[in-house]
Amino acid sequence: MAESPGDAAQVAEPQREADPPAHAGADNGSASLPESRRARYTRHGRRVRLYTGAVVFVALLAALVVLSTKNTRSVKLDWAVGSAHASLVWIILAAAVIGWLLGLTTAIVFHHRTRRP
């Protein structure tokens, strides 16, 4: 079968794929514009806060593990009307959770009492 001249031109010309974007995060042709100093500091600041939060979380988790392994002995709790025995780590964790819940409750109450009518 004879090929037409147009078919030969299509075969001879290689297919070009779309050019990859110069910057993966660029939108609407802004790949040619450099990132501003403020935008770069903002982006790096977010990353630093993320890593700082992760490090603080791991440190608190490690402190919790050390606290729970070092304070396993049972202690006597004296109440106004009686007494009880409990592991020291559970007493500390219960006090921390109760304090956290009281702090949240206080913040919510103050927010509702000081908001605009």
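## Close-up views of a predicted model

**View 1. The hairpin of E1 and E2.** Let us start where a hairpin of four residues links E1 to E2. This is a predicted model, and its two strands are a friendly place to begin. E1 and E2 run antiparallel, joined by five bridges. Along this pairing, Asp78 has Ser83 of E2 standing opposite. E1 covers residues 74-78, while E2 covers residues 83-87. In a regular strand, side chains alternate between the two faces of the sheet.

**View 2. Asn71, in the loop before E1.** Here we look at the loop between helix H2 (37-70) and strand E1, where Asn71 is found. Is Asn71 buried or exposed? Asn71 counts as buried because its relative accessibility is 17%, and the cut-off for buried is under 20%. A polar atom of the Asn71 side chain lies 3.2 Å from the backbone oxygen of Leu67. Leaving aside residues up to four places away in sequence, Asn71 touches Ser87, Leu88, Val89 and Ile92.

**View 3. Ser87, a residue of E2.** Next comes a partner of Asn71 from the previous view: Ser87, which sits in strand E2. Ser87 has a relative accessibility of 19%, so this residue counts as buried too. Which backbone oxygen lies 3.4 Å from a polar atom of the side chain of Ser87? That oxygen belongs to Thr72. Not counting residues up to four places away in sequence, Ser87 touches Asn71, Thr72, Arg73 and Ser74.

**View 4. Arg40 over a ring.** This close-up turns to helix H2, which spans residues 37-70. Arg40 lies over the face of Tyr41, and its distance from the ring centre is 5.6 Å. As for aromatic pairs, the structure holds zero.

**View 5. Stepping back to the chain.** To place the close-ups, it helps to see the whole. How many helices and strands does the chain have? The secondary structure comes to three helices and two strands, and they follow the pattern α-α-β-β-α along the sequence. Of the 117 residues in the chain, 4% are buried. Among contacts with a separation of 6 or more, 7% come from residues 24 or more positions apart. The chain exposes about 11,000 Å², with carbon and sulfur atoms supplying 63% of that area.

Definitions and conventions:
Residues are numbered from 1 along each chain as its sequence is written. This is a predicted model: local features need pLDDT of at least 70, side-chain atom pairs count only at pLDDT 80 or more; totals for chains, interfaces and linings use all residues. Side-chain values use heavy atoms; hydrogens and water are left out. Rings of Phe, Tyr and Trp (its six-membered ring) pair if their centres lie within 6.5 Å; planes under 30 degrees apart count as stacked, over 60 as edge-to-face and the rest as tilted. A charge sits over a ring if NZ of Lys or CZ of Arg is within 6 Å of the ring centre and within 35 degrees of the ring normal. Buried means under 20% relative accessible area, exposed over 50%, partly exposed in between (1.4 Å probe, protein chains only). A polar contact is a pair of N or O atoms within 3.5 Å; within protein, one must be able to donate a hydrogen and the other to accept it, and residues adjacent in sequence count only if both atoms are side-chain atoms. Contact means heavy atoms within 4.5 Å. Accessible areas come from the Shrake-Rupley method with a 1.4 Å probe; for residues, only the protein chains shown count as cover. Two strands pair if DSSP finds at least two bridges between them.
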